[in-house]
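Q: Please take a close look at one part of this model, the strand pairing in one of its sheets, and then set that part in the context of the chains around it.

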Amino acid sequence: MRNSNEIIDDIANREYEFGFTTDIEMEMAPVGLNEETIRFISAKKEEPQWMLEWRLKGFQAFKKMQFPKWQHFEMPELDLQKLSYYAAPKKKKQLNSLDEVDPELLATFEKLGIPINEQKALAGVAVDVVFDSVSVATTFKEKLHELGIIFCSFGEAVRTHPDLVKKYLGTVVPHSDNIFAALNAAVFSDGSFVYIPKGVRCPMELSTYFRINAENTGQFERTLIIADDDSYVSYLEGCTAPKRDENQLHAAVVELVAMERAEIKYSTVQNWYPGDKDGNGGIYNFVTKRGICKGNSSKISWTQVETGSAITWKYPSVILQGDDAEGEFYSVAVTRNKQIADTGTKIYHLGRNTRSRIISKGISAGHSDNTYRGLVQVGPRAANARNFTQCDSLLIGDRCGAHTFPYIESRNSTATVEHEATTSKIGEDQIFYLNQRGIETEKAVALIVNGYAQEVLNQLPMEFAVEARKLLSITLEGSVG
Amino acid sequence: MLTIKNLHAEVDGKQILKGINLEIKKGEMHAIMGPNGSGKSSLSSVLAGRENYTVTQGEVIFEGKNLLDMSPEDRAREGLFLAFQYPVEIPGVSNLHFLKTALNEIRAYHSLPAMESKEFLKLTKEKQQLVDFNANLMNRSLNEGFSGGEKKRNEVFQLAMLDPKLAILDETDSGLDIDALRIVAAGVNKLRSADKAFMVITHYQRLLEYIVPDFVHVLYNGQIVKTGTKELALELEEKGYDWLKEEVHQKESV
Amino acid sequence: MTSDKSFYEFISNGVPGPEQKVDADNAILPARKLAFGRFKELGLPTVKTEEWRYTNIQRYLKDAFTLAQEEQGTVTAEQLKAAGIPQLDSYRAVLVNGRLQADLSTLPTGGKITVSKVSDAAGNPQLQAWFDKHPHLQSQPFAALNAALFADGLFIEAGVNASLDKPLHIIHVYTASANAFIQPRHLIVLHKSATLEVIESAVGINDNAIAFVNGVTEVVLEENAELWHYNIQSTVKNSRHIYHTSTTQKADSRYHHFNFTLPSAELTRNNLSVALTGSNTETNLHGLYLATGTQHVDNHTFVDHLVPNCNSNELYKGVLLDDANGVFTGKIHVHQDAQKTNAFQQNNNLLMSEKANINSQPQLEIYADDVKCSHGFTVGRFSEESLFYLRSRGIGEEAAKSLLVNAFAFDITDQVHIPALQDFLAEKIRQYVAGAINN
């Protein structure tokens, strides 16, 4: 029988499935970051003056900021002057239909299993595809339009719905929020924009698929989702990148706004290139995601399945401003080889009777480090606020780390906050039991890990839950406790 | 079907099995009895391939193949089933999903195609009825929150589903009240057939009132010290194990 | 000039430097000089220092202090009585501003347990071996400051197999007539298989001046030694306390630490840390904090599992009233080699007023896979239902609340093995609740 070391070596050597590159002509900004770069990007995108000014404000803030020091990993050397801040597939005019998309690009997404051809599209899912920070295709536009739903690239929204963008841009994640958010404000290239009008329940999943292709670029997309009174939307993002030896930076910003009784469900399946087994290459995934439950009885729910990236560093957050608002965070983070994850959530209880629930499942293998970090803050006005947090860590092998760093700040005596955390490994008796029923060790581990993550996976829309399950299995196949 | 020859095994450097010899043929029901610590459960663990047991001597042939060379899952796929004394709980993995995975892994090993969902569900229903297993437990996480009796009945249900050649029941009766014991025993009896063999490990004669063995073996100090029929079990129940122990020690001192 | 700077300057220039003698032979001078260098390097923490983010120490250092070098004032028998624990039968060591007063003390004699001034024992090889050596103290600026400029304290040494027939009660009396910065320091060494019970309590006897106490206790438990270590913190309102307790546990040793923070020092910051350097140890850390007014109570604990097969258990509970602030930061660190570790931590809080608040950071940092570790945190208010139930049975509000707070604290007080101390604590809880209701 194979011993656990062999099997662990095996996982370490497993290849990243989506590591190919697409050979396509790109238009890129000159390397470096200064005011000129920002003007270049803005001009390329034919943006109005107000947009440019907002970018410049972000850049001013960025220049004054420094990298933080509190994270549980060594901050890699990042030379932001060596990146190109704009890369777009060249053959891009205004695309009127999918037929105009570069066939090479279509083939790429075909290969990734992302159907951007509407005939082949997953039933009930509208997809916006972002290739090196530029939205290349949005499906089911017509159908959504009938309902008054706006689902388009950010750039398009700036042109076609400037009032909405102006009203909400930067209201949840200000241009000076943190150094990466400031950088994003200055140089963001594209992303998705969603507006769900009052009383509309979006009939299909909205989805954005992100792909980094070009070399020496960073990806800086920006997503803004507004759910007006009594509306509902479920949104999913997925991501991959080619294998490259150097690290690439992904510094996106996502802003969610839920008005009265509105609900936004945001799901992420993140599978950026994690680097090789020695920790060379891979994406630095430094993302700022935050939602605000502005209206009473509104709800925002984050679900994330994080398996990729060399470093995952993000805390999708919810500001519960309205009374009776509800926030949720469900997370599975898997790290192996030399991957690092420092992720979790921040929930700010401001309104009365606000509720939040945090379920985090960390799985570490190889030489990786997996940290849950989270903040639950109860403000003085948040009478009867309730939070429940459960953080579990699973260790596979004895060379990895699993850490839990919650921050709990309660300023209201009527609030109830509960936090529980456990750390354990996969039980040998569980593996043996499954072996005895004819299930080999690799499958047994996948089964146990999937079971362990069940509560989170259940939150994903069905099609993506299947994908996420598969991803978990191939990521961790064969690890032995 | 199963031939055990001079089997010696140790765990943590301690000799547990000290030369077991046993032959089990198709259709037979063998009971293994013995006092606590005699090596009964160790025997089942060694046969199923638990990792911390080291075989130091002897051989085990199962259906013409060397059992000891195989991984635990291959032993299971070859048709050896162990009903665990303490079935484990696996949170988040549904009973149904687990069984389907196991069944199809075994089928794949025998180059059979995976079973269709419809067919699988039909089989599940049939076997549920056969061994009187509560359908409500099917969608629950594997053994999680099951009562002791429910766990043991789940073992018998799995036995029915996976249809092995040789089933080892490791103290399946311990901790069961009389009603649960009857149901478990009835399930096992329904599964008896001419091409299947059973090894029932038990501490109490009580079980053997419901599952009638063809042979009774007494394990003591890592060896089979006496073999007989079900009457031997009755004798043991009546007199306890002490007389046997004395007999063994007398033999040794001669 | 910022207040930070003024305190810093006061400490580094305004008073005699570390060359000042503590002991006649200058035996610990090298260690003190080293510590002073470390203090200067570390500097004073701000709220941007992760470990001090919830305790703004700067605001407590603004006042002008003098180093309490000389013995000030006298202690009356009555004052001493106030500092005592009724019905407690114990040996007694009385320290005024960190200095042992032999005439007020009853020390064990003739046995294998010696209690002496650090200044008198400076040449002792044990003291030389362990003084300021605990790894967790190395990054702590206030501990470094204490090592550099401490006044004096106790050196307690228990020989192989030694034990005492009753606990040793250390009473601190703080008598400064003007604002004073007082730095006591103890070292407790228990040799193989020795056992000891130590109770520390403190009393301040001047309401008009601020006593800023910056204390350090180092504990060393050799193989199979066992220490019951009780620390009762209740002094006058305008006193401020920073206390570091750092313990090293060798194989098979048992350490039971109890920390009771009672009203009403305005600042209490405890840094309790335990380094497990030998296997098969047991560590029990218990804390109870009752805070009123604008009290700020900050407990930092750190259990460092360096070797396999150790067990640690931690339970801290807090009841906060008025505008009180509570902080709990508990870290469990399990190193790669520390397999088969069992480490548990729990922090529960009751907020009894609108304005009280709690900040908590229970942390697990784990690098070994075959371990069982967990932490839990809760904050909530009184169960109105329970309160109503008791009152409907004819129990008055005060008594009912007292009962409930006692019940909340029971998990901790129940672990106290000295009946007189248990009674004392029950009475303190009763007074606390009564004070809360009559406010």
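Which residue in β4(B) is the bridge partner of Thr3(B)?

A: The model is a predicted one. In it, Thr3(B) has Ile61(B) as its bridge partner in β4(B). The two strands concerned are β1 of chain B, residues 2-11, and β4 of chain B, residues 53-62, which pair in the antiparallel sense over eight bridges. As a rule, strands of a sheet pair through backbone hydrogen bonds, in either a parallel or an antiparallel sense.

This pair belongs to an open sheet of four strands in chain B, with antiparallel pairing and the order β2-β1-β4-β5. The edges are taken by β2(B) (14-24) and β5(B) (65-66); each has a single partner strand, so one side of each is left without a neighbour in the sheet.

Strand pairing is also found between chains. Strand β24(A) and strand β20 of chain C, residues 357-366, pair in the antiparallel sense over six bridges. Within this pairing, Ser360(C) in β20(C) is the residue that stands opposite Ile408(A).

The contact of chain A with chain C involves 30 residues of chain A and 32 residues of chain C. On the chain A side, the elements giving two or more residues are β23 (386-396), β24 (401-410) and β25 (416-425). Sorted by class, that side of chain A has 14 polar, 10 nonpolar and six charged residues.

Chain B, which holds the sheet described above, also touches chain A. Here 19 residues of chain A meet 23 residues of chain B. Two helices of chain A, α9 (428-436) and α10 (441-457), each supply at least two residues of the side facing chain B. The largest share of that side, seven residues, comes from α10(A). By class, the side of chain A that touches chain B is made up of eight polar, seven nonpolar and four charged residues.

As for chain A itself, there are 11 helices and 25 strands. Of its 481 residues, 60% count as buried. Among contacts in chain A between residues at least 6 apart in sequence, 83% join residues at least 24 apart.

To return to the part asked about: Thr3(B) and Ile61(B) are bridge partners, within a pairing of β1(B) and β4(B) that runs over eight bridges.

Conventions
Residues are numbered from 1 along each chain as its sequence is written. Chains are lettered from A and ligands numbered from 1 in the order in which they are written. This is a predicted model: local features need pLDDT of at least 70, side-chain atom pairs count only at pLDDT 80 or more; totals for chains, interfaces and linings use all residues. Two residues are in contact if their C-beta atoms, placed from the backbone, lie within 7 Å. Ala, Val, Leu, Ile, Met, Phe, Trp, Tyr, Cys and Pro count as nonpolar, Asp, Glu, Lys and Arg as charged, and the others, Gly among them, as polar. Two strands pair if DSSP finds at least two bridges between them. A residue is buried if 20 or more other C-beta atoms lie within 10 Å of its own, exposed if 12 or fewer, and partly exposed in between; C-beta atoms are placed from the backbone.
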